Amino acid sequence: MRLFGLTGGIASGKSTVARMFQALGDGVIDADALAREVVEPGRPALAKVAARWPNCVRPDGRLDRAALGARVFEHPEERLELEAILHPAIQEAAHARTLAVEAAGKPYAIYEAALVFEKDLDAGLDGVILVAASPETQIQRMRERDGLDGREARRRLDAQLPLDEKRRRARWIVDGDVPLEETRRQVEAVHRALEEASR
Ligand SMILES: Nc1ncnc2c1ncn2[C@@H]1O[C@H](COP(=O)(O)OP(=O)(O)OP(=O)(O)O)[C@@H](O)[C@H]1O
Ligand SMILES: [Mg+2]
């Protein structure tokens, strides 16, 4: 069973490309979705977070993301504690999903995550697909989709690895700047390459 990464900068088009792979029958594991699932009510990671940051859980038992985000933003050392709770839970969930994709008879799964290279996850993957969009495109999409001003959009971009560095570390590149039909053609070509690489 192969596990390939799918990454790209903020608003580059990762989720759009992930849906294209899904439409071709590929099993995609969404790291963002797992990160939300592991802190749903009743999950052990939420109980741990609640014990450590009781003020970050609402009366109805759901996580108050905004409060927790603000707390660890102001207390960076607590972010490490939070990650020590969340990461093992996310990894376990990702592993379970990978096994489910394998049980469905697929030769590979695709792990979609924003920070594959930043967190050196590529070492444990069989190759990474990069969705490459120019900073101008990313900023424009953040303004349109998220209503950010140019300054805030630029600040979020600057927190990520430069595109050139990601290009060097990627095994396959899909263009996120081009019309969607062209992106889809490139995804189809990478899909065939993934099948080939999994033989
Ligand atoms: N090739 C494209 N042409 C035009 N618009 C696109 C293209 N790809 C993505 N978009 C649009 O850009 C926005 C961001 O795309 P998407 O959500 O797929 O990016 P993302 O990398 O998953 O973002 P995030 O970092 O927030 O998870 C969406 O509104 C999407 O519809
Ligand atoms: Mg996304």
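Reader: Which hand has the crossing of α1 and α9?
Author: This model is predicted. In it, the crossing of α1 and α9 is right-handed.

Reader: At what angle do the axes of α1 and α9 cross?
Author: Start with the distance. The axes of α1 and α9 come within 10 Å. Their crossing angle is roughly 55°.

Reader: Are α1 and α9 parallel or oblique to each other?
Author: Angles under 35 degrees count as roughly parallel, and 65 to 115 as roughly perpendicular. The angle here is roughly 55°. The pair α1 and α9 is therefore oblique.

Reader: Which residues of α9 make the contact with α1?
Author: Take the α1 side to begin with. It supplies V17, M20 and F21. By class, the contact of α1 with α9 has 4 nonpolar, 2 polar and 1 charged residues. On the α9 side stand T183, R184, V187 and H191.

Reader: In what order do the 5 strands of the open sheet stand?
Author: The pairing in this sheet is parallel. Its edge strands are β2 (27-30) and β5 (172-175), each pairing on one side only. Across the sheet, the order reads β2-β3-β1-β4-β5.

Reader: What does the twist average from one strand to the next?
Author: The sheet is open and holds 5 strands. From one strand to the next, the twist averages 25°.

Reader: Which residue in β4 stands opposite T7?
Author: Strand β1 covers residues 2-8, and strand β4 covers residues 128-132. They run parallel, joined by 4 bridges. Opposite T7 stands L130.

Reader: Which strands does helix α5 touch as it packs on the sheet?
Author: Helix α5 spans residues 76-103. Its direction makes about 170° with that of β2. The strands α5 touches are β1, β2 and β3.

Reader: Which strands does helix α9 touch as it packs on the sheet?
Author: Helix α9 covers residues 180-197. Its direction makes about 165° with that of β5. The strands touched by α9 are β1, β3, β4 and β5.

Reader: Which element gives the largest share of the shell around ligand 1?
Author: There are 15 residues around ligand 1, and I10, G13, K14, S15 and T16 come nearest. The elements giving two or more residues to this shell are α1 (14-23), α6 (135-146) and α9. The largest share is 3 residues, from α1.

Reader: How many residues of the shell around ligand 1 are polar?
Author: Set the other classes aside. The shell has 5 nonpolar and 3 charged residues. Its polar residues number 7.

Reader: Why is α6 oblique to α7?
Author: Angles over 145 count as roughly antiparallel, and 65 to 115 as roughly perpendicular. Helices α6 and α7 (residues 150-158) pack with their axes 9 Å apart. That pair is oblique because its angle is about 125°.

Reader: Which residues of α7 make the contact with α6?
Author: Helix α6 passes α7 in a right-handed crossing. From α6 come P135, Q138, I139, M142 and R143. The contact has 5 nonpolar, 2 polar and 3 charged residues. From α7 come G150, A153, R154, R156 and L157.

Reader: Are α3 and α5 parallel or antiparallel to each other?
Author: Helix α3 (residues 44-52) packs with α5 at about 170°, their axes 10 Å apart. Angles over 145 degrees count as roughly antiparallel. Helices α3 and α5 are therefore roughly antiparallel.

Reader: How many charged residues are in the contact of α3 with α5?
Author: A45, K48, V49 and R52 of α3 meet E81, I85, L86 and A89 of α5. Among these residues 5 are nonpolar and no polar residue appears. The charged residues number 3.

Terms used:
Residues numbered from 1 in each chain as written. Chains lettered and ligands numbered in written order. Predicted model: local features only at pLDDT ≥ 70, side-chain atom pairs only at ≥ 80, totals over all residues. Pairing = 2+ DSSP bridges. Axes fitted to C-alpha atoms, helices over the stretch in contact; angles between N-to-C directions. Contact = placed C-beta atoms within 7 Å. Near = placed C-beta within 6 Å. Nonpolar A, V, L, I, M, F, W, Y, C, P; charged D, E, K, R; others polar. Left-handed = near helix turned anticlockwise from the far one by under 90°.
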